[in-house]
Amino acid sequence: MAAPMIKMLNVTKVFENGVVALDDVSVEIGKGELAFLTGPSGAGKSTFLKLITVEEKPTDGLVEVAGHDVGALRRRDIPYLRRRIGVVFQDFRLLSERTVLENVMLPLTILGLTPSEQRRRALQVLTVVGLAQRKDAKPLELSGGEQQRVAIARAIALDPAILLADEPTGNLDPDITWHVMKLFRVINARGTAVIIATHDYDVVKRMDARIIKILDGKVHRETAE
Amino acid sequence: MKNVGFFLREAFKNIGRGGILTAAAVLAITFAALIAGIFATAYYNLRTIYEEVRSELYVDVYLKYEVDEERAGAVGEHLRKLPGVVRVDYISREKAAEEFVGLFPEDSNLLDALGENPLPASYRVYLVGEEEASEEVATLVEEMKTVDGVDDAVYAQEWLSNLERAGRVVGVVGAAVGVVLGAAAILVVISTIGLAVYARRDTITIMKMVGATDGFVRAPFVVEGFLIGVFGGLLALAALYGGVQFLQTYDVVVRFLPGTYVGAGLAVFALGGGLGSSVAVRRFLKV
């Protein structure tokens, strides 16, 4: 396996209310790998992803993302790490008052690109997800599947090393789910490590990828790719 | 710096979206700034009167009766050399009598009744109308009294120090009221922009998730608070200007604040607005 893009070593996460979300988890995910994170709701999947995006820090153990020790990362350095991580949410989290194009441009604006360059790259990724023609629509004018594709376009706008998806198909029809999954495959084929958290086993079975199953905060079972 | 355009656009959009909340924040600032402005105007006007009086300030130095012309000349020379003295006019006993008659024409027979002119010769000593405190003038007057041949030295000490005291009181009260109202205005901005920020917390979360720094998220809000401060301050100035104009039509001698006061006031409220919104955003940045 190539150098790990994400490395967790004996990671434990206990929340302030005493809930143990992750318990002694050790996992490595390589550069350009595609992995599913499965398990029932509340198993610790979201916490697993939040440790990668540094929304949470481990109570114990080591989390390394793209070579950075997350536990030791200074607050002001977090944004720069996040620019290498694209995130897709179940509820899309698009800005409803902005157009599709503006939503996708947001990370590019934050990066400080010129407006014309922002536009060019946003259109590029919108083309990848097949929505360039809807660039001027507002998110709520789109179907759920289209909104999720916009969210994916936003997530890959900065050409991230890692793409995280938290129940990305939870709100989508089966047909569209399959379409979105194929999109993740395409993105993965471009060299991005993709981690998809889902409890939809049908999807997982059809995708033929590595499966990390989490149960009660522990890695219950791993299936190699 | 390359994002300034983005921040300004966002700030104006947010102000537009803020609607009644933004209006409330602006009005709160206007109210605070107006009260502060009234005090500043009072202080400025008292100060101006004080300085005008000071610029015409003179001390009457009365000579002793027995002083001859030579000695009187020497006293004049001495007075001229004192610090802060700009001009010294000699008033002979005859001229003093003329002035007395001029001032009190009905009592002119009083002088005749006395036979001999009882008024002493004096010097009117004009002082430089600058910033010296009235205590310093008092010291100077005391010094004049010690000059050989001088009987007494008199000036409008009490009135002047009363005026200065009034100016100080208005200044201190005004500053205290300004601080309290300024703080209140900042709190209003914190809570109104706080509500606006709360309404946009999802946007903030999303921006943070796609790699925005705290500064990037905060900047449009700070600009918004800054603009609210400036708008509020300008409205207050307009109201204050209107008030001054209104008083002037009734022949009340009131001057509008000078540019330095206006600039400083606007700066304070603009910075207060910016600071208030910066604080308001803070707690939503912990993503």
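Here is a guided walk through this two-chain model, from the domains of chain B to a hairpin in chain A. Please keep in mind that the model is predicted.

Let's start with chain B. The domain assignment divides chain B into domain 1, made of residues 4-51 + 162-282, and domain 2, covering 58-155. If you compare the C-alpha centres of these two domains of chain B, you will find them 52 Å apart.

Now look at the sheet in chain B. Strands of a sheet pair through backbone hydrogen bonds, either parallel or antiparallel. Here 4 strands of chain B make an open sheet, ordered 2-3-1-4, with antiparallel pairing. Strand 2 (85-91) and strand 4 (150-154) of chain B are at the edges and have a single partner strand each, so one side of each lacks a neighbour in the sheet. From one strand to the next, the twist averages 20 degrees.

To see one pairing in detail, follow strand 2 of chain B alongside strand 3 of chain B (residues 122-127): the two are antiparallel and joined over 6 bridges. Within that pairing, B:Asp89 sits opposite B:Arg124 of strand 3. A helix also meets this sheet: helix 3 of chain B (residues 69-81) lies across strand 1 (58-63), strand 2, strand 3 and strand 4 of chain B. Its direction is about 160 degrees to that of strand 2 of chain B.

Further along chain B comes helix 9, which takes in residues 214-249. What span should its 36 residues have at 1.5 Å a residue? The expected value is 52 Å, and the end C-alpha atoms of helix 9 are 52 Å apart, which agrees. Even so, helix 9 of chain B has a kink of about 25 degrees, centred on B:Pro220. After the helix comes B:Asp251, with a positive phi near 60 degrees.

Next, see where the chains touch. On each side there are 14 residues: 14 of chain A are in contact with 14 of chain B. On the chain A side, helix 2 (78-82) and helix 3 (100-111) are the elements giving two or more residues. Helix 3 of chain A gives the most, with 4 residues. Sorted by class, this side of chain A has 6 nonpolar, 3 polar and 5 charged residues.

Our last stop is the hairpin in chain A. Strand 9 (residues 210-215) and strand 10 (residues 218-223) of chain A pair in the antiparallel sense over 5 bridges. A:Lys213 stands opposite A:Arg221 of strand 10. The hairpin has 2 residues between the strands, and A:Asp216 adopts a positive phi near 50 degrees.

Terms used: Residues are numbered from 1 along each chain as its sequence is written. Chains are lettered from A and ligands numbered from 1 in the order in which they are written. This is a predicted model: local features need pLDDT of at least 70, side-chain atom pairs count only at pLDDT 80 or more; totals for chains, interfaces and linings use all residues. Domain bounds come from an automatic or database domain assignment. Two residues are in contact if their C-beta atoms, placed from the backbone, lie within 7 Å. Ala, Val, Leu, Ile, Met, Phe, Trp, Tyr, Cys and Pro count as nonpolar, Asp, Glu, Lys and Arg as charged, and the others, Gly among them, as polar. Two strands pair if DSSP finds at least two bridges between them. Axes are lines fitted to C-alpha atoms, for helices over the stretch in contact, and angles run from 0 to 180 degrees between N-to-C directions. The expected span of a helix is 1.5 Å times one less than its number of residues. The bend at a residue is the angle between axes fitted to the seven residues ending there and the seven starting there.
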